[in-house]
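Q: Please take a close look at the salt bridges of this chain. Which residues do they join, and where do those residues lie?

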Amino acid sequence: MDSEALRKYSALHPKPAGLTLQYGTAGFRTKAEQLDHIVFRMGLLAVLRSKAVAATIGIMVTASHNPEEDNGVKLVDPLGEMLHPSWEEYATQLANAEEQELQKVITEICQKAAVNLHKDASVFIGRDTRPSSKKLSQSVIDGIQVLGGQYHDYGLVTTPQLHYMVCCQNTQGQYGKATLEGYYEKLSKAFMELIKQSHCSGESQRHLKIDCANGIGALKLSEMKPYFPQEVLIHIYNDGTKEKLNHLCGADFVKVHQKPPGGLDMKPNERCCSFDGDADRIVYYYKDTAGHFHLIDGDKIATLISIFLKDLLAKVKQDFKMAVVQTAYANGNSTRYLQETLKVPVHCVKTGVKHLHHKAQEFDVGVYFEANGHGTVLFSKAAETKIRQLVKEENDDERREAAKMLENVMNLINQTVGDAVSDMLVIEAILALKGLTVQQWDALYTDLPNRLLKVQVADRRVIDTTDAERRALTPPGLQEKIDTLVKKYKLSRAFVRPSGTEDVVRIYAEADTQENADALAHEVSLAVFHLAGGKGAPPQPI
């Protein structure tokens, strides 16, 4: 390690006094002007991680669905997955180290993680369309070069595209080609092969309106358009030419406010969807003839995909274990429908993509989606090998056809991470193959009315939870109070959990009517305020 170069470059990316940040599920995220030293140091860390695992590591500069003035950075592990938890701690240590301690912290990380500094290192870099992203990705490059790493800068890409590139590189091209053309070709080919197997004509021209949150998704979808078959007519809105990123639009806005985004004109029963700022989340929606807005979120996306896959798995007659993984935020009626009607096992895990991804890996076919629209499908190595074998060797027409469909789904879905473009194509293919309208999809089950609230507290750590965050262990008496309140309403449940990033407690409640869900959420928020050290004025009724 060149101590002099480290000192010199670190001085060019100074750490603001008193700023401490924690690496979480989303990596680091804050106001863009506070991130320069962080991204420089994540360049350093990516080189160390690459040397430790002898593989290419990814770095994405994005703040996803946050406002345009924010930014962030996260690392991507060798198979396109999120950074290993033990390295999250190293990231936090390195980010918060004082200038004069930087070399010492790097040396400690090398010792703990058995990093051989003489090994080669390779890093892939991507960034979103924020005004601050280009300069910040240059700071990443500074960090990589200080420790002698090699890098490939992909420039403007969606977050899932960078995850895809890293996986392709580290599987020596088995997963695909580590280029944007490779990504477009693989997805479009699988999509065309899938819809070719459609026996119903359905709508010959399938129109879809897409709100791209004024983000990177618009740019990449425009590049991908020539690869699509003529049956698919996508119409891009909020393409970033007029308005600010994520401002009154995007998947997060639509999900939270339960209303259509600005900048998209909806006619009755038109199929529409929204991406978030870095295109790793998607939600669908439409307006009925009475003008009512209908949201089709991650739960309904998981349900549609599960129906399709369960049917195909039954046809190939293999003993594959399939399951759906949800968090406590999943609507109660989605869980009921999956378990009772579809007879698909459902597992609940803590909030955060890494928990869902990890659990989904335990099954031959693991479907996971957060209610916010972030999710994908994972196929085990054994299931993948068997399906590809059936396509080549199966003599029974129906079984071979079903195996071929499964193979195309495997090629179409981005198994590294939730991917709005890939998920959209999977959904569009299923709707075409099943001959379903957006209204029929929506009518699979009716969401229970629900309400999300948050309460400011002096210290969020007073709340400790268990049972995948569905029950509170502390403070004493809180869970008993929630249990009592829940008994007052039909089909009701409620839970509380501390925010991962700020001193607030998040409250979720659902019940048979919106009025009851709102009343329950309010009563639970009062209990949190009084028992968990609420700040400011007590919560007011909704």
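A: The following account considers the salt bridges of this predicted model.

Side chains of opposite charge can pair when their charged atoms come close. In this structure the count comes to 35 salt bridges. One of them joins Lys209 to Glu270, with 2.9 Å between the closest N and O atoms. This pair links distant parts of the chain, for Lys209 belongs to strand β6 (residues 206-211) and Glu270 to the loop between α9 (251-257) and β8 (272-275), 61 residues apart. Lys209 is buried, at a relative accessible area of 10%, whereas Glu270 is partly exposed at 23% relative accessibility.

Another salt bridge is formed by Arg271 and Glu428, whose closest N and O atoms are 2.6 Å apart. Here too distant parts of the chain are linked: Arg271 is in the loop between α9 and β8, and Glu428 is in helix α15 (residues 420-434), 157 residues apart. Arg271 has a relative accessible area of 9% and is therefore buried; Glu428 is also buried, at 4% relative accessibility.

Helix α15 also holds Lys434, which pairs with Asp311 of helix α10 (residues 298-316), so the salt bridge ties together parts that are 123 residues apart in sequence. The closest N and O atoms of Lys434 and Asp311 are 3.7 Å apart. Lys434 counts as partly exposed at 34% relative accessibility, and Asp311 counts as partly exposed at 30%.

Finally, salt bridges may be joined into a network, as they are among Lys381, Glu384, Arg388, Lys404 and Glu407.

Definitions and conventions:
Residues numbered from 1 in each chain as written. Predicted model: local features only at pLDDT ≥ 70, side-chain atom pairs only at ≥ 80, totals over all residues. Heavy atoms only, no water. Salt bridge = Lys/Arg side-chain N within 4 Å of Asp/Glu carboxyl O. Helix = DSSP H or I, 4+ residues; strand = E, 2+ residues; numbered from the N terminus. Buried < 20%, exposed > 50% of the residue type's maximum accessible area, 1.4 Å probe, protein only.
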